[in-house]
Amino acid sequence: MLQQTQVKTVIPYFKAFLLNFPTLKTLSLSSETRVLKLWEGLGYYRRARNLLATSKILINEHNSKLPKDLINIKKLPGIGDYTGNALLAFIHDQPTIAIDGNVKRVFSRILNKNENKINFAKLIDINKKDLFKTKRNSDFVEALMEFGALICKPKDPKCYNCSIKNMCKYFTSDKKFKQTNILKIKIKNYNIFCYIDKIKNKIALTKKHNLGFLDKFYLPSIKETYNNKKIKSWNFHSNFKNSISNKKLNINLYYKFSLKIPLQYRWFSLKKNNEFIPSFTKKIFKQILKIK
Ligand code: SF4
């Protein structure tokens with residue numbers, strides 16, 4: 001849950017998740033719909049699906065235990081180097097570091113060197129005696145991440161309160177390296193087309209859309225556009241911006257009152273649904289409900 005998501009956002013979801021699935025076994029026996037429903041609003045839904053799939057694999061193939069080596073951990077759905085190393089450190093206290101953006105920034109500042117010029121795996125290997133002194137490596141790795149998030153922040157690091165400032169070359173040097181990798185998120189333009197049944201307050205949704213990061217979820221028709229030309233064959237409703245996963249979308253919302261819909265569409269109530277509906281689709285519902 002914490003991948004790409006802030007702690008304060010995650011806390012209520014995490015609590016509800018544990019209440020519903022107190023053990024690995026209860027999670028593994030759940031349906032995908034139920035897991036997604038509890039994840040609703042948290043975004044990055046692939047994480048929920050992967051978690052469910054992983055719980056089944058751990059129960060069936062690993063005697064309910066997490067593997068202790070990176071090769072086997074990485075065979076679990078959705079787990080790459082970063083999460084694999086984080087799990088080895090957090091769960092098994094193994095001497096390894098999950099290298100995320102925060103950790104990279106901390107090391108690059110301590111060395112006063114651009115991240116791109118550092119081989120992090122080599123750096124950690126050379127310094128492993130000093131880095132892995134504690135048996136509580138889980139605490140060390142978490143502290144390193146938190147340090148990057150709270151003290152050695154991307155903008156305005158709190159150097160004067162930093163307990164390692166005297167060994168930090170960024171702080172002590174007059175010539176500070178220039179940070180070049182602050183991620184710039186590109187805004188993409190999309191047109192969304194909604195078929196509406198105004199009398200029954202319904203909207204037609206499909207899983208056959210090309211918004212890859214929300215694949216397998218119900219959405220109206222959505223198409224990326226490379227110009228801002230209005231589409232005349234649909235009624236223009238509004239323009240709004242939306243952040244979804246790590247993307248920023250600039251959306252032109254169109255609608256049409258129609259009782260006929262293409263084959264791959266299904267009607268959904270604009271007010272209440274028992275099925276899982278991603279928050280992005282719900283935001284569109286809100287806009288559509290404003291149509292008089
Ligand atoms: S002194 Fe500043 S730049 Fe150096 S590690 Fe501490 S917070 Fe980061």
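Buried means under 20% relative accessible area, exposed means over 50%, and partly exposed is whatever falls in between. Keep those words handy for the views below, which all come from a predicted model.

**View 1. Ala 16 in helix α1.** Here we look at Ala 16, which belongs to helix α1, residues 7–20. Its relative accessible area is 26%, so Ala 16 goes down as partly exposed. For a sense of distance, pick out Ser 173 as well: 157 residues separate Ala 16 and Ser 173 along the chain, and their C-alpha atoms are 48 Å apart.

**View 2. The ligand and the residues around it.** Where does the ligand sit? It's in the largest cavity. Several cysteines turn up around the ligand, namely Cys 152, Cys 159, Cys 162 and Cys 168. Also there are Phe 147, Ile 151, Pro 157, Ile 164, Tyr 170 and Phe 171, along with Arg 109 and Lys 165. Sorted by class, this shell has 10 nonpolar residues, two charged ones and no polar ones.

**View 3. Two cysteines, Cys 168 and Cys 194.** Cys 168 is one of the residues around the ligand. With a relative accessible area of 10%, Cys 168 is buried. Cys 194 is buried too, at 0% relative accessibility. How many disulfides does the structure have? The count is zero, going by a cut-off of 2.5 Å between cysteine sulfur atoms.

**View 4. Glu 32 and Arg 49, a link between two helices.** Side chains of opposite charge can pair when their charged atoms come close. In this view the side chains of Glu 32 and Arg 49 do just that, forming a salt bridge with 3.2 Å from N to O. The pair ties together distant parts of the chain, with Glu 32 in helix α3 (residues 32–39) and Arg 49, 17 residues away, in helix α4 (residues 46–61). Is each partner buried or exposed? Glu 32 is partly exposed at 38%, whereas Arg 49 is buried at 12% relative accessibility. Across the whole structure, a search turns up six salt bridges.

**View 5. Lys 37 and Glu 40.** Another salt bridge joins Lys 37 to Glu 40, and their closest N and O atoms are 3.0 Å apart. Lys 37 is partly exposed, with a relative accessible area of 36%. Glu 40, at 16%, is buried.

**View 6. Lys 128 and Asp 125, then a network.** Lys 128 and Asp 125 bring their side chains together in a salt bridge, 3.1 Å from N to O. Lys 128 has a relative accessible area of 44%, which makes it partly exposed. Asp 125 is partly exposed as well, at 46%. Back at the pair from View 5, salt bridges with shared partners join Lys 37, Glu 40 and Lys 282 into one network.

**View 7. Tyr 44 and Asn 63, two loop residues with positive phi.** Most residues other than glycine have a negative phi. Tyr 44 isn't a glycine, yet its phi is positive, about 45 degrees. You'll find Tyr 44 in the loop between α3 and α4, where it is partly exposed at 22% relative accessible area. Asn 63 isn't a glycine either, and its phi is positive at about 55 degrees. Asn 63 lies in the loop between α4 and α5 (70–73). At 64% relative accessibility, Asn 63 is exposed.

Terms used:
Residues numbered from 1 in each chain as written. Predicted model: local features only at pLDDT ≥ 70, side-chain atom pairs only at ≥ 80, totals over all residues. Heavy atoms only, no water. Near = heavy atom within 4 Å. 1 Å grid on protein atoms, 1.4 Å probe; cavity = no way out; pocket = protein on both sides within 12 Å on 5 of 7 lines; lining within 4 Å. Sits in = over half its atoms within 2 Å of the grid points. Nonpolar A, V, L, I, M, F, W, Y, C, P; charged D, E, K, R; others polar. Salt bridge = Lys/Arg side-chain N within 4 Å of Asp/Glu carboxyl O. Helix = DSSP H or I, 4+ residues; strand = E, 2+ residues; numbered from the N terminus. Buried < 20%, exposed > 50% of the residue type's maximum accessible area, 1.4 Å probe, protein only.
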